[in-house]
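Me: Please take a close look at the backbone of this model, starting with one loop and its peptide bond. I would also like a connected account of how the surrounding elements are packed and linked.

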Amino acid sequence: MNDSELAVLKVLSASKAKLSAPELCEKSGVSYSALMSGLESLSQKNFVTIERQVKKRLELTAEGTTYASAGLPEVRLAKAVRKPLEMSAAIAAAGLSEQESRIALQWAMRNKLLVTEKKDNKTLLAPVAKEIESGEQELLQALVRGKRIAGAAEEKLLATLVQRGLVKESEEKSVFAKITAKGAKAAAEEAGKVSQLTPQMLKTGEWKGKRFREYDLATVAAPMLIARKHVYKEFLNRIKLNLVGLGFKEMHGPLVELEFWNMDALFMPQDHPAREVHDIFSVKRGYAPAEVTDAKTLAKVQEAHERGLDGSMGWRYSWNPATAAQLVLRSHTTAVSARHLAKGLPSPSKLFCIGRVFRPDEIDWKHFIEFNQCDGIVLDESINFRELLGYLKAFAQEVFGAQKVRFNPTYFPFTEPSVELSVEIPGRGWAEVGGAGMFRPEMLRALGVEQPVIAWGLGIDRLAMLSLGITDIRELNSHKLDFLRSR
Amino acid sequence: MVNITAKKQLLLKLAGWMPKSDEEFERGLESVKCVVGGYDKATDELTLETTPDRPDLLSVYGVARALKGALGTETGVPKHDFPTSQVEYFAEAEALAVRPFVAGAVIEGVFFDDDSIAELFQRQEKLDFTIGRRRKRVSIGLYDLDKLSPPFYFKAFDASFKYTPLKSTSPMSLSEILTRHETGVKYGHLAGKGPKYPVLVDSREQVLALIPVVNNLDNAVTTATTSLFIDMTGTDGHALNAAMNILCHDFADAGAKVSRIKVHYPNGKTQLTPDPTPSEMTLSVDYANNTLGTTLSPTALAQSLLRQRITARVQGNSVIASIPAYRSDFLHPIDLVEEVAMGIGYNVFEPIATRVFTNGGISPKTEKENFARDFLAGAGFLEVSTHVLSNEEKIRRAKSAEEFVEIANPVSSEYHVMRATLLPNLLEVLCQNTHIEYPQKIFEAGEVVVHNAKLPERMQTKLHLAAASCHASANLSEVASVLCEFAKRLGKKVVFEKLSSPQFIEGRAAKVLIDSKPVGQMGEVNPGVLTAFGVSVPCAVFEIELP
């Protein structure tokens, strides 16, 4: 027996009489849902008997309520027709709306309150009797006062009112409980037991000889509202720790970025398709013009684009510094790598960044316009392509738990050679999980870097969805507190 | 990624390839930068995703050409001799001022059906889009040569000059085309600023096209066409020659006769187009080996390039590469290094474990954030994570006075600004959980973006911490205790100063100063704000910039 069952049993034992559910709730302080499950369990133990009653209830609809006070349309029409009248005149005299007049005519005819007669080729309405009798109206007005009318006719009249949509019948279910002899005995027994040890009992020693009430172990644990860290942020932290373990230091960059760092410094020509309006969010003007303050890097980037650096042909066009000074929402965390490379890094250096990026897209279960990316770079005199593949293989194993990896050639404007990483996730098949490559010499020389640098980016949200068993990408930033409490 | 469709059987026939399994077929295509996106057995239609650096792979012929190299059945630069035709082309200075580079070619012996003609137009459009940068850098025109009388003249005409453009039934003047014709409106900005506009005409002054906007309906390519004239104009001669070579190589591989034409410039110079001469680039063997982590001999390097349809000869410790004219993606020897790696096969390389040892570490910013997250979770708050992208309506509803950053080209009215504070999002979370059991105590640690005129990018990304306690007896004292305790753990001193704000109940809000620096605020949320969010339970909050 749990606490609420005991409370209910105590109330029933005190009253001895049959009690209704609302009475039991009020007297025991137990909630309705707990009462219902408690009564079920008490009845199974034969501590109480339960009686269920179903009562028919009659209720007037909105239309019925109106007619109860104004009178049924056919009655109002019949009252207006004291001598033969043309139909339109009768309706006007009764003050009926168009809809009411249709109802009035139909029911006045059916209930023989009025008849039609022909005169001079016109159809007239004529009264039938002096007194207008409508059992339906009588019943409707009785119902509104909570009364019924006597006689065998009631049932038929009621059926008509229900059919006319003026009265609704509903069922009212109620539950009553009464204690059994077995229940009374159990209640008496429980009453002698202690439900909680108190400091008082310990001090006075009165606990000695007391019996403590037994717990129902099936229900001993009550639900609890717990506080937790967010499951997705904890996932990102785990990835960070994996990377720290591989010797990477964390870096950050701004969410609103100069096009310069987001694209120009990455050797992406200014007419590159990825720089177009449907591929990148730009910031609405209304601020003082932004500027690229790193004049040395700016000049080098311009040279790389226009004429090339390190023996490159460059993109051979006129590079516009004003375009580079426009603001965009960071579209990839590679912008953060570019900023850090330009600051000057010691050799060797290994850096990573996990951060939010923004790209216009359709919004559905697979795509969202804001997501997390994980980028990393290794700068070292002797770093090479095979070592890049080695890192990718290590990520596949440590981060993705994959045994098999596959490398495909691909294209990024800022890396050459470029490679795409696919992994076989146990039980899920092959999935593309990231892109990587060696930064182009034009980009590195423009940022003042003489050593080769490898770079990689992992699709972190897709991995999170796989790992957390989430199928809708928007759920990663779920607002559902019950979901978050449960994870 | 650029998608193309091709008949699988045609591809296999052209490449002379009989892969033993789907696996071998897909891996083979991946080795030449083509990913199989889908295959419809009923129609034999294959969808391939190609990369934007390789416009030469936008046709089944180009893909087959690359595959033959990878399979080793036909290696090195493809050999096509394009003879010179009688067709000549005169370019005048006024037209060249708008489109400085021009080229033409003659294709004979082509046969089209509805499918192949549609494929050709799609390919033209994709080339216009990729290598052509939406026609700005290069634009392409295709015409039925039998309906034209060469030579061709590229010259400037007045805006009143008329012809019947595609998708029109009656003649239109150039100015009408530029202002009213669908294609004219889309590409008109590339035709110069007037008053005269560049037009390509034949010897009878029949229009081929308003360049680079729209062709003449009268000489459009149809299923009856057997000879083609191709014109290209643009702003980058290198890209233009590559684009012309792509189309000419495709037609030659399809069995057509491709001829060059002579272009006359106003200064008397002439040029044969297209120029199929391979470009040369030298690759140092040491550079390639150091970059790849290999010890390949010069001969082995040259062999791998051959499989990429690049002819290479060894010269001392270098390799001289001849790159086919249809490739325009070689800027630096590093581009040859990738070709070497592809020629070897990416999956043939043995990955090596890192030899670079460094100390890893979490940033101080993340450490600070994690400290705050641990503290608040310990204090009984549930962590939430919301989007940085937000909307003005929500921010106004929360009576937040912060200035925020707006997106110029949003895709949704729900996400058109960046959050400057976290509180509106916390209220939104409470709003969406009114059916869930209380107390609801939540927090978020996350980035916000605010204006800062002192920074070169005028915007600053900051790390904020906000918490909300929502239950029947939530009050200011409760969140103040959390803040004091938090500051104590950081070894800092917190002071509260009186604050009047429409967000909060008057007299029950405060500015928060940590070590004398204002970092945020706290308060009991104004009932008007709670009602606006549909929350009918009292709520106390704080938000600070993480010190």
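Reply: In this predicted model, B:Pro274 belongs to the loop of chain B that runs between strand 15 (270-273) and strand 16 (279-284). The peptide bond joining B:Thr273 to B:Pro274 is cis, with an omega of about -10°. In the domain assignment of chain B, domain 2 covers 84-273 and domain 3 covers 279-348. The remaining parts of that assignment are domain 1 (2-71) and domain 4 (364-545). Between the C-alpha centres of domain 3 and domain 4 of chain B there is a distance of 57 Å.

Another cis peptide bond leads from B:Tyr438 to B:Pro439, and its omega is near 0°. B:Pro439 sits in the loop of chain B between helix 14 (423-431) and strand 23 (440-451). Helix 14 of chain B also contributes to a salt bridge: the closest N and O atoms of B:Glu428 and B:Arg397 are 3.9 Å apart. This pair links distant parts of the chain, since B:Glu428 is in helix 14 and B:Arg397 is in helix 13 (residues 392-397) of chain B, 31 residues apart. B:Glu428 counts as buried because its relative accessibility is 15%, whereas B:Arg397, at 22%, counts as partly exposed.

Backbone angles call for comment as well as peptide bonds. Most residues other than glycine have a negative phi, and most peptide bonds are trans. Against that background, B:Asp515 has a positive phi near 45° without being a glycine. The residue is found in the loop between strand 26 (504-514) and strand 27 (517-525) of chain B, and its relative accessibility of 43% makes it partly exposed. In chain A, the phi of A:Arg316 is also positive, about 55°, although this residue is not a glycine. A:Arg316 lies in the loop between helix 14 (295-306) and helix 15 (321-324) of chain A. With a relative accessible area of 32%, A:Arg316 is partly exposed. A positive phi, near 60°, is likewise present at B:Gly16, which follows helix 1 of chain B.

That helix leads to the question of packing. In helix 1 (residues 8-15) of chain B, the buried residues are B:Lys8, B:Leu11, B:Leu12 and B:Ala15. They are on the same side of helix 1 of chain B because they cover an arc of only 95° around the axis. An α-helix has 3.6 residues a turn, so residues three or four places apart point the same way. The cover over the buried residues of helix 1 includes strand 1 (2-7), helix 2 (22-30), strand 2 (34-40), strand 3 (45-50) and helix 3 (60-71) of chain B.

Helix 2 of chain B has buried residues of its own, namely B:Phe25, B:Gly28, B:Leu29 and B:Glu30. These pack against helix 1, strand 2, strand 3 and helix 3 of chain B, together with strand 12 (405-409) of chain A. The packing of helix 2 of chain B thus reaches across to the other chain.

Beside strand 12 of chain A there is a salt bridge to consider. The side chains of A:Lys404 and A:Glu424 meet at 3.7 Å, N to O. A:Lys404 is in the loop between helix 17 (385-398) and strand 12, while A:Glu424 is in strand 13 (residues 415-425), so that the pair links distant parts of chain A, 20 residues apart. A:Glu424 is partly exposed, its relative accessible area being 27%. Strand 13 of chain A takes part in a further salt bridge, in which A:Arg440 and A:Glu416 come together at 3.6 Å, N to O. Here the partners are 24 residues apart, with A:Glu416 in strand 13 and A:Arg440 in the loop between strand 14 (429-439) and helix 18 (441-446) of chain A. Both partners are buried: A:Arg440 has a relative accessibility of 4%, and A:Glu416 one of 5%.

A network of salt bridges joins residues of both chains: A:Lys229, A:Lys233, A:Glu234, B:Glu369, B:Arg373, B:Asp374 and B:Glu383. Over all chains the count comes to 68 salt bridges.

Chain A also has a nonpolar surface patch of about 380 Å², made by A:Leu197, A:Leu202, A:Trp207 and A:Phe212. Of these, A:Leu202 is in helix 11 (residues 199-204) of chain A and is exposed, with a relative accessible area of 51%.

How values were computed
Residues numbered from 1 in each chain as written. Chains lettered and ligands numbered in written order. Predicted model: local features only at pLDDT ≥ 70, side-chain atom pairs only at ≥ 80, totals over all residues. Heavy atoms only, no water. Helix = DSSP H or I, 4+ residues; strand = E, 2+ residues; numbered from the N terminus. Buried < 20%, exposed > 50% of the residue type's maximum accessible area, 1.4 Å probe, protein only. Arc of directions from axis to C-beta. Contact = heavy atoms within 4.5 Å. Patch = residues over 30% accessible without salt bridge, like charges linked within 9 Å, V, L, I, M, F, W, Y side chains within 5 Å. Areas by Shrake-Rupley, 256 points an atom, 1.4 Å probe, with all protein chains shown as cover. Salt bridge = Lys/Arg side-chain N within 4 Å of Asp/Glu carboxyl O. Domains from an automatic or database assignment.
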